[in-house]
Amino acid sequence: MPQFNKWKKASIYNMEHEHICDVAVQARNEDITLIFPEEIMNGSWENVSVVFYDDMKGLITYKCKLKDYKRLSMGLTVKCILGEEEGAVQRRNDLKIRQIIPISIQTVDTVGEKISVDATIQDISAGGLFCVSEHIFAEGDRFSFLFRRLSKPMRLECEVLRRQPYEGKGNFSRDRMMGYGCRFVNLTDNMESAIRSYVFKEDLLMKKRERMRL
């Protein structure tokens, strides 16, 4: 049973699986109020999917009905009526999508000089990413890169948790390429929310394309 009172944030999607916005959550028992960001002045959405961030159960998605939009001092609010649960993903197994994204990494070399090296993201989640590169990183090394796939590009910082010989497919040199499992560090709540929204949106788009091919 999800702990409604501990829900603090959520992401709203329309029935075409398009991301609307992220919202703050106020929950008392099963009375749930969503608070829209400042740029949302008016609301007319009624039937939506809402992904709640539950510390115990993880990322939990419900079909919801929104009603009683009100403009209060805290911003635009709406009552959220929970419907059918559509699914849940444990936070430790945060939703991950496979995407091939070339990036330019900023890091330091063995003598502490700043350098830029090429890498390719192969999967990404709100918690981190797996990438491949010819540059040799050690566990614990950190690097940053500008992630341009977000609506507002953000510079993300990563810490290498593990490295392994590259064994995947693609036009990469297996003799020189290494794979790196990394976690994001120094993320603000807004940055985490932006990445998670991107991942959910891309996952929904991929599922929609798969359904259209059937």
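Me: Which residues point one way from β9, and which the other way?
Reply: In this predicted model, Gly-128, Phe-130 and Val-132 point one way from β9, while Leu-129, Cys-131 and Ser-133 point the other way, and all of them are buried.

Me: Ok, and why is β9 largely enclosed by the rest of the structure?
Reply: Strand β9 covers residues 128-133, and 6 of its 6 residues are buried, meaning under 20% relative accessible area, so the strand is largely enclosed by the rest of the structure.

Me: How many bridges pair it with β8, and in which sense?
Reply: Strand β8, which spans residues 114-125, pairs with β9 in the antiparallel sense over 4 bridges, and a hairpin of 2 residues joins β8 to β9.

Me: What about β12, how many bridges there?
Reply: Strand β12, residues 178-185, runs antiparallel to β9 and is joined to it by 6 bridges.

Me: What does Phe-130 stand opposite in each of those strands?
Reply: On the β8 side Asp-123 stands opposite Phe-130, whereas in β12 the bridge partner of Phe-130 is Gly-181.

Me: Switching to pockets: how much space lies in the largest one?
Reply: The largest pocket holds about 820 Å³ of space, and of the 26 residues that line it, the closest to its centre are His-19, Asp-22, Asn-190, Ser-193 and Ala-194.

Me: Which elements give two or more residues to that lining?
Reply: They are β2 (19-28) and α1 (189-213), with α1 giving the largest share of the lining, 8 residues.

Me: And how do the lining residues divide by character?
Reply: The lining of the largest pocket divides into 12 nonpolar, 5 polar and 9 charged residues.

Methods:
Residues are numbered from 1 along each chain as its sequence is written. This is a predicted model: local features need pLDDT of at least 70, side-chain atom pairs count only at pLDDT 80 or more; totals for chains, interfaces and linings use all residues. Side-chain values use heavy atoms; hydrogens and water are left out. Buried means under 20% relative accessible area, exposed over 50%, partly exposed in between (1.4 Å probe, protein chains only). Two strands pair if DSSP finds at least two bridges between them. On a 1 Å grid over the protein atoms alone, a cavity is a set of points where a 1.4 Å probe fits but cannot get out, and a pocket is an open set with protein on both sides within 12 Å along at least five of seven lines; lining residues have an atom within 4 Å of a point. Grid points are joined across faces, edges and corners, and a volume is the space filled by probe spheres set on the points. Ala, Val, Leu, Ile, Met, Phe, Trp, Tyr, Cys and Pro count as nonpolar, Asp, Glu, Lys and Arg as charged, and the others, Gly among them, as polar.
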